[in-house]
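Dear colleague,

I am passing on the structure below, together with a written account of what turned up when I went through it. Please keep the structure open beside the text as you read.

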Amino acid sequence: MPRSYATPPVRDLLRRYASLGEPLTCEPVAQGLLNRGYRLATTRGEFFLKHHLDGDREAIARQHDATRRLQALGVPVAPPVPDCAGDTVAVLGGRCYALHPWVHGRHRDGAQLGAVGSRRLGALLGLVHICLEQVMEGRGPAADHLSADPADTFALIDDLLARARRRRPRDSFDELAEHRLRERRHLIEEYAHRRPPPQTTGGWVHGDFHPLNLLYRGKEPAAIVDWDRLGVQPRAEEAVRAAVIFFVRPAGELDLDKVRAYARAYRGATGADPAELAAAVHRVWWERLNDFWILRWRYQLHDRRADPQFPAASALAVWWTREYEAVCEAFAG
């Protein structure tokens, strides 16, 4: 559902800390689709106040401990501030909150990164994966990661098409959505025989590595934020997903020169071989071909915050299918 903000219990929260001062202002942070965050200014400084919507205190504490350990290994992160009792998760009114230092920086997408910046980005994600293996003490439990079933996708397409056609008044977004849904059904029918088998290898990953979760200070990464999706997944797939988000152009094409620089740096940092990256490209390509999360938000959840991403994201799946070999070469060549 669209985001709505309730005033967090700032004074009650600050009483748990010894030296953070009195609250001055608490303003919602506009960027981000899933997090609820606030910029909190006190008489002692600025902080990022995060309201964890899932409310799983144990999982949140595990994320906090991971970032603290990652920082000790030199990964740019912003671990939470512990309270007087040493806790980093505060439960107030049944809701979980955490305070982080405010990081002064800005987001940079792939268009703002040159060849050097692209290499640094790949090396940074590689460092994250290598260090997570250390701080989480191994690669984590093995699990089957299934690829999308075309039958389920066709049922979803039918539902979304019906919703798009019923919408009144219709606009250009609805027209594009209908066109892309029909187009995608034909592509999935044509390439259904290339559905990837289950994947059982994995490792600890950030889980949501994209431009809004990476802050830069100048040209240097200052902090990787939002570790809510820390978990065990195929690591090379996170590398591919991140590149696809960072380096997609407005028309839905990937900047393959930057992808190539990024991927080589990632492989150098992790030791991943070209075959692993090629397999990840195939699985993420299939995932994107069957993915309609933006349309689900719009038509099923009546949430339009992701609408601006749809033109490029929907065009990418079509372009990627046409340029499949070139994309594989960029990641694995």
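**What was found**

Helix H2 (residues 57–72) lies across strand S3 (45–52), strand S4 and strand S5 (95–101), and it runs at about 10 degrees to S5. Please bear in mind throughout that this is a predicted model.

The strands that H2 lies across belong to an open sheet of five strands, which follow the order S1-S2-S3-S5-S4 with antiparallel pairing. Strand S1 (23–28) and strand S4 (90–92) stand at the edges of this sheet, and because each has a single partner strand, one side of each is left without a neighbour in the sheet. From one strand to the next, the twist averages 30 degrees. At the S1 edge, S1 pairs with strand S2 (residues 36–42) in the antiparallel sense over five bridges, and Pro23 stands opposite Thr42 in S2.

Further along the chain there is a hairpin of S7 and S8, with two residues between the strands, in which Gly218 takes a positive phi near 70 degrees. Strand S7 is joined to strand S8 (residues 220–224) by four bridges, the two running antiparallel, and Leu215 stands opposite Ala223 in S8.

Next come the aromatic rings, for which the count comes to nine aromatic pairs. One of them is formed by Phe173 and Phe310, a tilted pair with 5.2 Å centre to centre and 40 degrees between the planes. This pair links distant parts of the chain, since Phe173 is in helix H5 (residues 172–191) and Phe310 is in helix H10 (residues 310–322), 137 residues apart. Both Phe173 and Phe310 are buried. In a further pair, the rings of Phe209 and Phe246 have their centres 6.1 Å apart and their planes at 45 degrees, and this pair is therefore tilted. Here too distant parts of the chain are linked, with Phe209 in the loop between strand S6 (203–205) and strand S7 (214–217), and Phe246 in helix H6 (residues 235–246), 37 residues apart. Phe209 and Phe246 are both buried.

Where do the aromatic residues Tyr191, Trp285, Trp286 and Tyr324 belong? They form one aromatic cluster, and Arg194 is placed against two of its rings: the charged end of Arg194 sits over the ring of Trp285, 5.2 Å from its centre, and also over the ring of Tyr324, 4.4 Å from its centre.

Some of these residues return in the packing of the helices. H5 and helix H8 (residues 274–289) pack at an angle of about 140 degrees, with their axes 10 Å apart, which means that H5 is oblique to H8. In this contact Arg184, Leu187, Ile188 and Tyr191 of H5 meet Trp285, Trp286, Arg288 and Leu289 of H8.

A second helix contact is that of helix H7 (residues 256–270) and helix H11 (residues 324–332), which pack at an angle of about 40 degrees with their axes 7 Å apart. H7 and H11 are therefore oblique to each other. On the H7 side the residues in contact are Leu256, Val259, Arg260, Tyr262, Ala263 and Arg267, and on the H11 side they are Ala326, Val327, Glu329, Ala330, Phe331 and Ala332.

With best wishes

Note on methods. Residues are numbered from 1 along each chain as its sequence is written. This is a predicted model: local features need pLDDT of at least 70, side-chain atom pairs count only at pLDDT 80 or more; totals for chains, interfaces and linings use all residues. Side-chain values use heavy atoms; hydrogens and water are left out. Two strands pair if DSSP finds at least two bridges between them. Axes are lines fitted to C-alpha atoms, for helices over the stretch in contact, and angles run from 0 to 180 degrees between N-to-C directions. Contact means heavy atoms within 4.5 Å. Rings of Phe, Tyr and Trp (its six-membered ring) pair if their centres lie within 6.5 Å; planes under 30 degrees apart count as stacked, over 60 as edge-to-face and the rest as tilted. Buried means under 20% relative accessible area, exposed over 50%, partly exposed in between (1.4 Å probe, protein chains only). A charge sits over a ring if NZ of Lys or CZ of Arg is within 6 Å of the ring centre and within 35 degrees of the ring normal. Angles under 35 degrees count as roughly parallel, over 145 as roughly antiparallel, 65 to 115 as roughly perpendicular and the rest as oblique.
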